[in-house]
Amino acid sequence: MSVATVAAAQTICAPLPVLGRDVTVPLVTGGEVTYAALDYAASAPALQRVWDDVAAYAPYYGSVHRGAGYLSQLSTDLFENARRTVEEFLDCRPDDQLIFTRSTTDSLNLLAAALPADCQVFVFETEHHASLLPWQDARVTYLNAPRTPGQAVETLEKALADRDPHGPALVCVTGASNVTGELWPVRELAAAAHAHGARIVLDAAQLAPHHPVSVQDLDVDWIAFSGHKLYAPFGSGVLAGRADWLQAADPYLAGGGASRKVTRREDGGVDVEWHESAARHEAGSPNVIGAYSIASACKALTEAGFDTLVAREQHLIEKVRVGLAEVPEVRVLSLFGDDAPRVGVISFVVDGWNSSHFAAALSAEYGIGVRDGLFCAHPLLRTLLGTDPQTQGECGAPEAAPGEKSLNAIRVSFGAGTPDEHVDRFVSAVKELVTAGAKWTYHTENGRCVPAVG
Ligand SMILES: Cc1ncc(COP(=O)(O)O)c(C=O)c1O
């Protein structure tokens, strides 16, 4: 069923309870307002359910895989059960391995470190830097931005047809763009990769929080995502998929937990037997709270039902898109066009406004938290803006004074915890700022646009 059909078929449910839903913030113009967190694509608020589960476990916290005591045993069980819950959530194959990491960035760097010798990597220039950059030590081919999902498949097929057919190859692709929110044709790209003897890793950082993801149905070889974007901000992420490359590689980190046996050699050195399970790449004390919180979020989303969650999110997307379309000065950024299926991540520019200025005014005058800048996707922003975008350092705010031509963008993003009021307030604020201007003056301080004091 398409996302639009799902949306049409469902009654719109209430948002899921998240932490921070009652937090108020001061307005520069006076008074306070409930904070509208509309930056889910960066980090989503914790689900109340996740927080409650973590709080209930916290008194029983103990070391994992290390202790003889009752709480260590309990924590070890909890950690391993979390692994199984997440494997189920992702619909992994029975022989897949799931490794708990720190984040999507960490997961993709782990996979990059485990590539077989002479592996060719194919990645679209439109990727988030976490998917774009870890492959620098491999033979990497950067593919030009496609303008339709079909063109993405054609571009990949052509690149793969030209490759050395005998060596190993990996395709890395995002499930949903962190800039446009558009869904990528993952199943088709996976089929193209496999037809040419390549493997594929799915960056599901922006997909997994919004859509059901099935490793088996999409037929991807690996999948990576972050807990903090999936309502579980306790420092863990996931890499799951084929065990063979992972087990043939050296451990990502050397240390305790990854090693089964360590012996001194006669020549004075040390021999190590590494584990052949997920533990091989989980050296050090595991982050049991991080893993448990991800499992809790997976259960909460599954129980809420993705059909219902998708329907609610599509309803919010529609409100934002219709609202922004009524403002001629606003240009929504898109690779695949208006009809492309998408998640609740929308980037735009406003004629005559510097994006940092606009985002600062949304925060200071309306209590709305969005993101401005280049979203760690510089080549994609260059394509979408048609200009050389400007940034000040990696993921930093662009250096531009208020009122200058926009060289970067504004991103609004939301999800399962977003009430209608937040997106309604956002749309009205955009309209008011464009027609009436900011009520306050702003200046650039350390590369960020901030309200002038006094
Ligand atoms: C599509 C995508 N991939 C990867 C990442 C990196 O995630 P993390 O910062 O959690 O490692 C992000 C973060 O914004 C993202 O949006």
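Helices, of at least four residues, and strands, of at least two, are taken here as DSSP runs numbered from the N terminus. In this predicted model, the loop between helix H8 (215-218) and strand S9 (222-226) is where Asp219 sits. Asp219 isn't a glycine, yet its phi is positive, at about 60°. That's a bit out of the ordinary, since most residues other than glycine have a negative phi. As for exposure, Asp219 has a relative accessible area of 34%, so it counts as partly exposed.

Tyr231 pulls a similar trick: its phi is near 65°, again a positive value in a residue other than glycine. Tyr231 belongs to the loop between S9 and strand S10 (237-241). With a relative accessible area of 1%, against a cut-off of under 20% for burial, Tyr231 is buried.

On to the packing. In soluble globular proteins, nonpolar side chains tend to be buried together. Here the largest nonpolar core has 84 residues, and the members touching the most others are Val86, Leu90 and Leu202. Helix H10 (residues 288-304) chips in the largest share of this core, with 9 residues. Both domain 1 (3-46 + 305-451) and domain 2 (49-303) supply at least three residues each to this core.

Zooming in on Leu202, and skipping residues up to four places away in sequence, its contacts are Val173, Thr174, Gly175, Val186, Leu207, Val213, Leu218, Val220, Trp222, Ile223 and Ala224. Apart from the largest core there's another one, made of 33 residues, including Leu38, Ile317, Leu324 and Tyr366.

Key
Residues are numbered from 1 along each chain as its sequence is written. This is a predicted model: local features need pLDDT of at least 70, side-chain atom pairs count only at pLDDT 80 or more; totals for chains, interfaces and linings use all residues. Side-chain values use heavy atoms; hydrogens and water are left out. A nonpolar core is a set of buried Ala, Val, Leu, Ile, Met, Phe, Trp, Tyr and Cys residues joined through side-chain atoms within 4.5 Å. Buried means under 20% relative accessible area, exposed over 50%, partly exposed in between (1.4 Å probe, protein chains only). Domain bounds come from an automatic or database domain assignment. Contact means heavy atoms within 4.5 Å.
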